[in-house]
Every structure is written in structure tokens, then in C-alpha cells.
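User: Before we discuss this model, I would like each term tied to its cut-off. Please start with the contacts of the ligand.

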Amino acid sequence: MKFTELAKYLEKLEETSSRLSLIEILSELFNKTPEEEIEKIVYLIQGRIAPFYAPVEMGMAEKSVASALANAYGSDKEKVINLFNKLGDMGKTAEQFSSKFKVQSSKLSVSEVFEVLTQIAETSGEGTVEKRQALLSGLLKKLDAISAKHLVRIPLGNTRLGIGDPTILDALATAKLGDKLNRKKLEGAYNRTSDLGLIAKTLWQKGLSGVERLEVRVGSPIRSELCERLPNPEKVIEKMGEVDVQYKYDGFRVQIHKDGQNVRMFSRNLEEMTHMFPELIKATLDQISAKTVILDTEALAYNPDSEEFLPFQETTKRRRKHGIEAAAARLPLKAFVFDILYKDGQQLLDKTLVGRMKILKDTIKEDGVLIRTKNQTVGEPKALSLLLEDAISKGLEGLVVKKLQSPYEAGGRNFNWVKLKRHSDGELSDTIDCVILGYISGRGKRTEFGAGALLVGVYDSERDEFVSISRIGTGLTDDEWREIHRRADKISLDHKPARVNSSIIPSVWIEPKIVIEVLADEITRSPLHTAGKTEKEPGFALRFPRLVSFRTADKKPEDATQVSEIKRLYEQQYNKK
Ligand code: ATP
């Protein structure tokens, strides 16, 4: 396929924000895509040249892309930057320069462009900046205006299409299998491999049965299993029967992959973070004798002598790229291992929890930096209550209870795993993870920062949409506003972003990317909001919401609280009253 044809589709995708038309346009594109290029096109649609978890970055700054444009179109960098400052978008800047340059039709194929983007990503060492600019401007000279517009956004990491993984899966299913009926099977493979390009390529080459045979691979993260909520120990036993009970550690979820001497680690939102935890690499090599292994763990700073657990915020400071060795010395981490998903060539997802825990016991013989999470089987609400008290007295968040016979459901959030927290019996005590959708401008002091309130939403996973649930304003401090602007101004838009469904129109839209943890007094019903809204019922809203923390470090927007959870929290609250 010619790159210019792909660019025309990217243009159409950019112009729509309706999910159904996104699927339609994408499936038309996929239909035309040959086997050799489907994997590449799936990555490019997401502004990448590799799956999300692969740390392949083209890493070009705006200034550097501006130099490439100047070079390609025989202009100078100042002029490019002036136009960029006016338009606020390097894509449109490239489009304008390129249209004057008049490349009418471009012959470059998607594969050729992909190849050069790969070279850009692989360039390293001395003169990287210049080499990358030369590669990019070489491409630009051969591309028409629309192609140039979409191309330059890729190395900037700013493709603005907002297409979610579920939408791509729907489009792949529609294109290749005729409808969305088998999309669940594609999703299953995605939960095991986290690689949409691989799934597309396999579907094109080997059909649906090939996709179903895709197994877990050491080195590719498995999508994490997550917890549902229940209000109290009685409800847990009533609904789940005898359960396996473990502490709920409030740290950083780390999936550890060991392949011989090579250890890699992934966050809950599938990002590679091997560099962050040097002590966990060493511990894995020291403590795990199996050749290949995948472990599900929660890493946090813990002092075994005083039995003190340090708060999540302390642990996440590690995300900074610098000073990791010093941080590791000052605040050594432990990883509490609570599951094993793969061992010596065998995927363990289908084994029961009891079976996996037994294998885990044989895999980590003695505790060290890796500590096997203690667990016990409980069938009585009273015993469960005592364990909850015990966890809380140790400064932990609460417990995770798990069904004894359940398999590991990658990417699932259901009643196989349930979290039980402190006051979950009564008022809303658990926090809600919201996605920022826009600024609503206000009057008075806040206008200093250009906004009076934020419009925030939650995730509707059935429709792959972000729906509004609250405005947050008064609870934010000036520092928090500054922080929000620092993160959000770069991704503000003058039109409604794709996959956002809101009847409140904010003054400025923000791409749904920033996840914040919010505590509210109550969930109420409100006709103003679209979360959970149906023809018959109004939406859900939050009463007295306040910001607790920024969660962008460990959560993708799709990891925000889901409408189905909000509904259950609302019902639990109501039953209580
Ligand atoms: P929260 O917002 O309460 O931290 P969450 O939204 O991050 O929760 P949940 O599904 O609510 O995710 O809770 C599961 C998380 O709890 C896991 O992602 C993991 O990081 C953490 N965790 C701590 N201890 C355990 C354990 N023993 N078993 C499973 N998960 C655990």
C-alpha cells in the first residue's frame, strides 16, 4: 500500500470522533491491507512502529522536527517555528510547507516509510539528532502534503487519533471475519500477548484458529487480572464461598519476566520499566532457579525489621529516569510475589489459583528481596474480618480475596478477585480513578490559571468510550492546578476528542489521557452526566469530589474506573442505606 493512501485514512480518522465511524473507516483500511503490511499499519495507526510495551522511541523534539522540515522544503527553521507557534501543531505546519513544495503524488510505500522510521528509532550515539533529522527530511521530500502532516506527528509521539485498542480489535474482526462476533477471541489473544500487530498479522496469515493458538510469551507483558469490590466480609463469603486471602499491598504492580539471564519488567499499564528496579533484576536471578518464568508482583518499599510499608508515593518516585541507583540504596524495594503465570516453557493461566500457588511455592524457596505473598484459606466471615483488621493495623490497604478454583483471567476484572478495604462497609471509602476531559473556565482567582473546574469522566468499557461523571474545582490547590496545566495544556484540543461522550461541553477539551484518583462522599444520579446514562435512567455523578493523586504513572486512561464498577458502588451504597 502507498503511504499516501494510509495518510488519507488517517485524515478521515482524525475528522471523526464517533466510535462507529472509526471502526468503519479502520475496517475499510484493513480490508485493503495486504498480509505483509497489516502488522506495520496496526502499529502506525497508534503512532508507533512496535507494540506499546516495546521501548522503541523515535524521540524527536519539536525543534528537531522543525529543522527537518526546513531542510526538506528549503526554508529556514525560524520560519517553520513561527508557523508552528501560530498553528500549534507540527502536522499542520508540515502540511502547509509541503503544499507549497507541490509533491503531487508520492510513490513511497507504507513499508518504505516504516523502514525509515525504524532507522530513526535505531539511530544512537554521536550525531543522533542530525542523523534523525536527515532521515526525516529525506522522507518529507518525497511525500505529499497530507502524508507529511501525518508522518511528522509520529516521531513527535503526537498522532492525536485517540483510537483505543478495543476499537482496533473491533475493526480487525469486522475486516477479516465479517462482523464483531469473534472479537472476544481476538481480545483473549490480546490479553495474553499485548501485541495488536502480532494479532493482526496472525489473523491475516493463519486465520482465527491461529490467533486462538497464540500463547503467552516471555518478554511480552500479560494484561493484568484486576479486582472487583465487595462491601464487607459477609458479602465476600456469601458470594465467593471459601477464599484464598492475601494482603493488599499498596505499591507498584510489576510483572517480572525471566528468560535465562535476561530479566525484564512491565508495569500494570504494560510499559517496560526494567531500568527502574535494578535490585529486582538481581533478586530474580538470585532467587529463581527456573530458566523461564513470569511472576505477578507488587513492589514497594518495605522495612522487614520494623515491618513498615512505605506509601505508594514513595515507591513511584522511582519513575524518574535519574538517580535510580541512589534511590535503590536509600529506599530498597521488596517485591511481594502473588502469582506465577509461566514456568519453564509452560503457560499457567489455565491452572487454578490453588495449583499456581503450589507451583509458586516450589519456585521461590526462600524469601529475600522477592517475598512470596503469604496466603490462607478462609470460609468464615469472622475469620476474614480478623484478617482485615490485622492488615489495616499493619498500615496496609486491606485484603485481596481470590476464588480458589479460578484460572488467571488476563485483562479481567470480575469476582474471581475481590478487594476488601477498610471502611468499605458504609460510605464511599474507595477512590475512583477519573480521566480529565476538559477545562471549564471560571471567574475569580482561578482564572489566573485559566480554568475554574475540570470536567472528568470514567471509562465505559463496553462502548470503549469516556463518559463524564463530575466537575472538580474547589478542592484543588493552586499547586495542583499548576500540575494539571503542566500535564494537560500540551494535549488540549479545539474539538471533542474521539471516544468522548459528554453532554457538558467544556471551554477547552483535553485528550483523555490524564488519570487522577478522586475521593468523593457519595455517588449520586444526575441527568447532566453521561456515565451510566440510559434512555430510562440519568447518569451517575460524584458528590464532593477531591483530588487524591495523579495516577498517570501506572494507569492508562482505559484503566480508569469503569461505569460497571460505579454502578455497583452506587448499588452497594444504596443497599446500605
Ligand atoms: P487501587 O486503586 O485500589 O490501588 P487498582 O485500581 O490499582 O486498585 P484493583 O483491581 O482495584 O486495582 O486492585 C488490584 C491491585 O492491587 C493490583 O493491580 C495490584 O497492584 C495490587 N495488589 C496488592 N496486593 C495484591 C495481591 N495480593 N493480589 C493481587 N493484587 C494485589
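Analyst: A polar contact is a pair of N or O atoms within 3.5 Å; within protein, one must be able to donate a hydrogen and the other to accept it, and residues adjacent in sequence count only if both atoms are side-chain atoms. The model is predicted, and local features need pLDDT of at least 70, side-chain atom pairs count only at pLDDT 80 or more, while totals for chains, interfaces and linings use all residues. Residues are numbered from 1 along each chain as its sequence is written, and side-chain values use heavy atoms, with hydrogens and water left out.

User: What makes the pair between arginine 268 and the ligand a polar contact?

Analyst: An N or O atom in the side chain of arginine 268 is 2.7 Å from an oxygen atom of the ligand, and the limit for such a pair is within 3.5 Å, so the pair counts as a polar contact. For glutamate 298 the distance from a polar side-chain atom to a ligand oxygen is 2.3 Å, and for lysine 419 it is 2.4 Å.

User: Why is threonine 33 called buried?

Analyst: Buried means under 20% relative accessible area, exposed over 50%, partly exposed in between (1.4 Å probe, protein chains only); threonine 33 has 4% relative accessibility, and therefore counts as buried.

User: Which residues does threonine 33 touch?

Analyst: Leaving out residues up to four places away in sequence, threonine 33 touches Met1, Ile38, Ile41 and Trp204, where contact means heavy atoms within 4.5 Å.
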